[in-house]
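Biologist: Before I rely on any labels for this fold, I would like to hear the reasoning behind each of them. Could we go through them one at a time?

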Amino acid sequence: MKLSKTAKKRIIWAAVLVALLGLRVGWMLYDRSRPVTPKKTAAKKIERDYLVRLPRFYVSGFEEAKRLVGKPIWVKKAFQLPYYPVGRSGKPAAGGGGGLLPALEELVVKEVVEQPAPGRSGDRQVLAVFERQGMAMGTVIGTFDGKRQLYQMVLDPFFFAKDPRQLYSHWSENTWRLIRDHELASDMTFAQVALSIGDGRLVTQEAGNVQVYEFRRKPGGAPGRCRVRFKGGRVSEFKALE
């Protein structure tokens, strides 16, 4: 039987398609049989500050706070906690010398006392009494809600239970100098900035793991406003606003 030209063309194209399909299947089988080499992925660097385990005080009330007497505590956040002269039983005393506690200050607790809190009757404040510049000073380390009969202590948020120089022993001496002088520098971490000029508030977040914070202190420690841009958890730039 003689095939027409059209039929011959169709047979030729069918043969070509079958051949291409065979090549495709063969290549797939060959590719799957080859040993797979896993792609190397860059290991994500973990900030060493996040690996530091901060000891807790485990103090939930006035009686437990008395265990601090005779022990040192270290200020965790700069310019956050007020202190003032106190007399007997922690009552405010006349005279100046108070202010806001700088970070890293080591306070040896001489006494822990309670006193009525300003405002609602029945509320109380828990004070840690220490000596600074030859004077008895006090700072609030907790409150007592008379209505709810509940203590709220602020030791863990505002104090270290261990010398921070030992906790953050991986920081350089230059970093500690910057913190002592309340200065900022590129590449400082969140923890270092908090020790230097206190806590800030998040203003905005940007692409590329960027956060912008505003602080109530300028570099150097003077009152004012300062904006700090963090990229990947470290300072990329900062600017005093006023």
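**Pairing, burial and rings**

Modeller: Gladly, with the reminder that this is a predicted model. Strand 6 and strand 7 (residues 135-145) run antiparallel and are joined by nine bridges.

Biologist: What makes strand 5 and strand 6 a pair?

Modeller: Two strands pair if there are at least two bridges between them, and six bridges join strand 5 (residues 111-116) to strand 6, so they count as paired, in the antiparallel sense. One of the contacts places Gln-115 opposite Gln-125 in strand 6. On the side of strand 7, the bridge partner of Arg-132 is Met-135, and in the hairpin of strand 6 and strand 7, with two residues between the strands, Gln-133 takes a positive phi near 55 degrees.

Biologist: Why are strand 4 and strand 9 said to stand at the edges?

Modeller: They belong to an open sheet of three strands with the order 4-1-9 and antiparallel pairing. Strand 4 (106-108) and strand 9 (159-160) each have a single partner strand, so one side of each is left without a neighbour in the sheet.

Biologist: Why is Phe-130 called buried?

Modeller: The label requires under 20% relative accessible area, and Phe-130 has 2%, so it counts as buried. Tyr-83, at 7%, meets the criterion for buried as well. As for their surroundings, strand 6 (residues 124-132) is mostly covered, with seven of its nine residues buried.

Biologist: How do you know that Tyr-83 and Phe-130 form an aromatic pair, and what makes it tilted?

Modeller: Ring centres must lie within 6.5 Å, and planes that are neither under 30 degrees apart nor over 60 count as tilted. The rings of Tyr-83 and Phe-130 are 6.4 Å apart centre to centre with 50 degrees between the planes, so they are a pair and a tilted one. Tyr-83 lies in strand 2 (residues 82-85) and Phe-130 in strand 6, so the pair ties together parts that are 47 residues apart in sequence.

Biologist: What makes the pair of Trp-171 and Trp-176 tilted?

Modeller: Their centres are 4.9 Å apart and the planes 45 degrees, and the angle falls between the limits of 30 and 60 degrees, so the pair is tilted. Trp-171 is buried at 7% relative accessible area, and Trp-176 is buried at 5%. Both belong to one aromatic cluster with Phe-160 and Tyr-168.

Biologist: Why is the charged end of Arg-165 said to sit over the ring of Trp-176?

Modeller: The distance part of the rule asks for within 6 Å of the ring centre, and the charged end of Arg-165 sits over that ring at 5.8 Å from its centre. Arg-124 likewise has its charged end over the ring of Phe-144, 4.1 Å from its centre.

Conventions: Residues numbered from 1 in each chain as written. Predicted model: local features only at pLDDT ≥ 70, side-chain atom pairs only at ≥ 80, totals over all residues. Heavy atoms only, no water. Buried < 20%, exposed > 50% of the residue type's maximum accessible area, 1.4 Å probe, protein only. Helix = DSSP H or I, 4+ residues; strand = E, 2+ residues; numbered from the N terminus. Phe/Tyr/Trp six-rings, centres within 6.5 Å; stacked < 30°, edge-to-face > 60°. Lys NZ or Arg CZ within 6 Å of the ring centre and 35° of its normal.
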